[in-house]
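Biologist: I would love a close look at one part of this model. Could you take me through a single residue and its surroundings, with the cut-offs as you go?

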Amino acid sequence: MPEYTLKIKPGKELTQPELKIINDARVKHFNSKSVIKPLPENEDWEKLYFML
């Protein structure tokens with residue numbers, strides 16, 4: 001059985017490759033037109049993201 005690692009990170013700690021994975025998945029699965037782009041002045045900065 002494969003082993004998985006769960007990471008829970010606030011947006012301000014996400015790396016560029018992690019943001020690309022998140023945003024690509026949002027487009028593929030939900031046809032999202034918005035992107036997650038954590039900046040100190042928006043809600044994505046402190047929002048928690050779950051990475052499996």
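Modeller: Happy to; here is a walk from the whole chain to aspartate 44 and what surrounds this residue. This is a predicted model, in which local features need pLDDT of at least 70 and side-chain atom pairs count only at pLDDT 80 or more, while totals for chains, interfaces and linings use all residues. Residues are numbered from 1 along each chain as its sequence is written, and side-chain values use heavy atoms, with hydrogens and water left out.

Let us start with the setting. The protein chain has 1 helix and 2 strands, arranged along the sequence as β-α-β; helices (H or I, at least four residues) and strands (E, at least two) are DSSP runs, numbered from the N terminus. Its C-alpha trace spans about 40 × 25 × 15 Å along the principal axes. Of the 52 residues, 27% count as buried, where buried means under 20% relative accessible area, exposed over 50% and partly exposed in between (1.4 Å probe, protein chains only).

Now to the residue itself. Aspartate 44 sits in the loop between helix 1 (16–30) and strand 2 (48–51). Why does aspartate 44 count as buried? Because its relative accessibility is 9%. Setting aside residues up to four places away in sequence, aspartate 44 touches Gly11, Lys12, Val35, Ile36, Lys37, Pro38 and Tyr49; contact here means heavy atoms within 4.5 Å. With lysine 37 there is also a polar link: the backbone nitrogen of lysine 37 lies 3.5 Å from a polar atom of the aspartate 44 side chain. A polar contact is a pair of N or O atoms within 3.5 Å; within protein, one must be able to donate a hydrogen and the other to accept it, and residues adjacent in sequence count only if both atoms are side-chain atoms.

Among the residues that aspartate 44 touches are Ile36 and Tyr49, and these also belong to the largest nonpolar core, whose 6 residues are Leu14, Leu19, Ile22, Ile36, Tyr49 and Met51. Such a core is a set of buried Ala, Val, Leu, Ile, Met, Phe, Trp, Tyr and Cys residues joined through side-chain atoms within 4.5 Å. Helix 1 and strand 2 each supply at least two residues of this core. Within the core, isoleucine 22 touches Leu14, Ile36, Tyr49 and Met51, not counting residues up to four places away in sequence.

Glutamate 46 lies in the loop between helix 1 and strand 2 as well. Leaving aside neighbours within four places in sequence, glutamate 46 is in contact with Pro10 and Lys12, and Lys12 is also among the residues touched by aspartate 44.
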